[in-house]
Amino acid sequence: MRMSLAEIAKITDGELFYSSSELIKNISLDSREIEAGTLFVAIKGERFDGHDFIGKAFEDGAAAIVCERIPYKVKGNVILVDDSLHAFGSLAKNHKRVIAPLTVGITGSVGKTTTKQFIYSVLKEKYTTHKTDGNFNNEIGMPITILRMPCDTEALVLEMGMSFKGEISRLTRIAEPDIAVITNVGSSHIENLGSREGIRDAKMEIAEGLREGGKLVLNGDEPLLAGVDGAIYVSMENEDSDYRAVNVKEMDGYYTFDIACAEGIVKDFRINVLGIHNVYNAVLSYAVGKIAGMEDEDIRRGLLNFENAAMRQNIYENDGYTVIEDCYNASPESMKASLKVLCSKAKENRKVAVLGDMLELGAYSETLHRAVGAAVVELGIDKLFTFGKLAEFIAKGAIEAGMKPCDIVSITDADCPEAMADAIKQEVRDNDTLLFKASRGIKLERITEILNNKE
């Protein structure tokens, strides 16, 4: 990246002060990462205000600053803007337009990170592909992902997260996707959006940024997404969908399936990951691959090469028992899907669920936690551990559904992972399979870290 300050001022709709002829080579939000040629963008966050570090940024060699106000006595190249966050997004949007990759935007209540990984695995079989890493899926993280994109990128896969109405709209207008994917409509963030219909409307904002001629890919099994003109539908069950999984077979640690589409039945697909929901994610990826002009054989190979994101269905052996570590996030829908994975993996062995709070469910929280407890019983889970105040309602729901209290351990203090680890150590047996699942804020991996320490 080499841009003049005048170019940056134009892109950000800012006013340039103390202009020099210096070229910008990179952009940073972190004053600790300043080097020669860096443009420092001062953004006010939840814990820090970048404007407080403008002086230090200049001292460390920043070439220029984008900011909303100029601190007293600070002199240097400054681009004054109304909104630094919006300016940062504009810089990312410009960078993407210059490189012009095929762009896929993904949102949804459940499965967007895993679907992102599947789509990335497929597209990179044909294209030089860049993707969102970690949780860089908000109004700061997504522009960072775009700005880190190498200049030879041919395809870009962007995950778009949200908690409130309007957030996806802002993200998609930066990303300008060629293909927009909504995995599903669940209950996540219902506290902020009021209803599943409100969640649907917020997710549908992704279509607002679609480039002319772009394609919208939707879940054909979700009634709330039905009937959208021009949409491409993917499903597990709906025969009217454009792409549908058929002949699905679960093997030892993997699935095989075929895909029904307008061309007929496309045979012999395989994914090396558990969970029937991952077959749906794979079919979504097939649809994206076909829109992107890929051959079936390349897509098959991409699905076989799928690698999940960190803390997503990480399965390993630990001192005689099996662990399914799925601590990245949780919603009622993903909890139930993970419980099914637990049952599939454990087979005839004892099934143990360690479940923590699901956050941002608002007034629906107690009801939805109790419903997960009922699912625990329905699926035949042998032992239940709950961690956190809200997760106690999972335990209560399980008891109401018929689980014996002696098969349940509840620890409400989420600041005591040691207590939960000790309780698990006392109960776990050889050949057990343990699932760990909770919302990201609970940091359930603290428990597995203690259990993995053999000392």
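**Two mixed sheets and their helices**

In this predicted model, five strands make up an open sheet of mixed pairing, ordered β2-β7-β6-β5-β4, where strands are DSSP runs of E of at least two residues, helices are DSSP runs of H or I of at least four residues, and both are numbered from the N terminus; two strands are taken to pair if DSSP finds at least two bridges between them. The edges are formed by β2 (15–17) and β4 (26–28), each of which pairs on one side only. From one strand to the next the twist averages 20°, with axes being lines fitted to C-alpha atoms (for helices over the stretch in contact) and angles running from 0 to 180 degrees between N-to-C directions. Within this sheet, strands β5 (residues 38–41) and β6 (residues 64–67) run parallel and are joined by three bridges, and Val41 is placed opposite Val66 in β6. Helix α1 (residues 5–12) packs on the sheet and touches β2, β5, β6 and β7 (78–80), its direction making about 15° with that of β7; contact here means heavy atoms within 4.5 Å. Helix α3 (residues 84–99) lies across β4, β5 and β6 and runs at about 140° to β5.

Residues are numbered from 1 along each chain as its sequence is written. Because the model is predicted, local features need pLDDT of at least 70 and side-chain atom pairs count only at pLDDT 80 or more, whereas totals for chains, interfaces and linings use all residues, and side-chain values use heavy atoms, with hydrogens and water left out.

A further open sheet, also mixed in its pairing, consists of six strands in the order β17-β18-β22-β19-β20-β21. Since β17 (314–318) and β21 (408–411) stand at the edges with a single partner strand each, one side of each is left without a neighbour in the sheet. Neighbouring strands of this sheet are turned against each other by 15° on average, direction ignored. Strand β20 (residues 383–387) pairs with β21 in the parallel sense over four bridges, and Phe385 is found opposite Val409 in β21. Helix α15 (residues 445–452) packs on the sheet through β17, β18, β20 and β22, and its direction makes about 30° with that of β17. Helix α11 (residues 332–346) lies across β17, β18 (321–326), β19 (351–356) and β22 (433–437), and runs at about 165° to β22.

Helix α15 also meets helix α14 (residues 417–427), the two axes coming within 9 Å and crossing at roughly 55°. The two helices α14 and α15 are therefore oblique to each other, given that angles under 35 degrees count as roughly parallel, over 145 as roughly antiparallel, 65 to 115 as roughly perpendicular and the rest as oblique. The crossing of α14 with α15 is right-handed, a term used if the near helix is turned clockwise from the far one by less than a right angle. In α14, the residues Pro417, Glu418, Met420, Ala421, Ile424 and Lys425 meet Arg446, Ile447, Ile450 and Leu451 of α15. This contact of α14 with α15 comprises seven nonpolar, no polar and three charged residues, where Ala, Val, Leu, Ile, Met, Phe, Trp, Tyr, Cys and Pro count as nonpolar, Asp, Glu, Lys and Arg as charged, and the others, Gly among them, as polar.
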